[in-house]
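Thank you all for coming. Please have a look at the chain on the screen before I begin.

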Amino acid sequence: MLSRITECVDQGANRYALSCRTGERIRVCQWLPDNPYPRATVQLWPDEPGDAVTSAQLRDVEDKVIALFERIAEARGVVLPARDVLLGYGETDADDAGQRLFTLASRIPLGAADRYSVLSAPSAADRLAVFSEAVDAVAEMVEFQLSE
């Protein structure tokens, strides 16, 4: 499965707003004429071989994400949902570290450059390193904004 539609909103005049979840990473080979929406020829983009990401490493980065959410919730005076909901368990195979990292990256407010860096990391281990740095940067930005 390349992608599945998770939400479809009819906006009238034959226009729709879609929310999708990807199944596999793809690379655009060629953009095609918009008719009426962007289209492209794509190819699958599997991870390259690399060091394995351990469950302990994944848990550490998940803990950083939870700490970020807790800091924001504390500042806003809101109660967070359960950890499994925050981290998107059930959306991807919990045993596939590369896919888990994609899911985590979709759940925090990353800028476009950081999001692309996570997406384009060649292996799960590389993705972990890039994502961990991005979480640290977001946490620093949140602390800065909350200190004002």
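I will talk about a hairpin, then about a nonpolar core.

This is a predicted model, in which local features need pLDDT of at least 70 and side-chain atom pairs count only at pLDDT 80 or more, while totals for chains, interfaces and linings use all residues. Residues are numbered from 1 along each chain as its sequence is written, and side-chain values use heavy atoms, with hydrogens and water left out.

Let me start with strands β1 (residues 3–12) and β2 (residues 15–22), which run antiparallel and are joined by eight bridges; helices (H or I, at least four residues) and strands (E, at least two) are DSSP runs numbered from the N terminus, and two strands pair if DSSP finds at least two bridges between them. Ser3 stands opposite Thr22 in β2.

Which phi does Ala13 take in this hairpin? Ala13 has a positive phi of about 55 degrees although it is not a glycine, and Asn14, also in the loop between β1 and β2, has a positive phi near 60 degrees. Most residues other than glycine have a negative phi. Ala13 counts as exposed because its relative accessibility is 75%, where exposed means over 50%, buried under 20%, and partly exposed in between (1.4 Å probe, protein chains only).

Turning to the core, a nonpolar core is a set of buried Ala, Val, Leu, Ile, Met, Phe, Trp, Tyr and Cys residues joined through side-chain atoms within 4.5 Å. The largest one has 23 residues, and Leu101 and Phe131 are among those that touch the most other members. The largest share of this core, seven residues, comes from α5.
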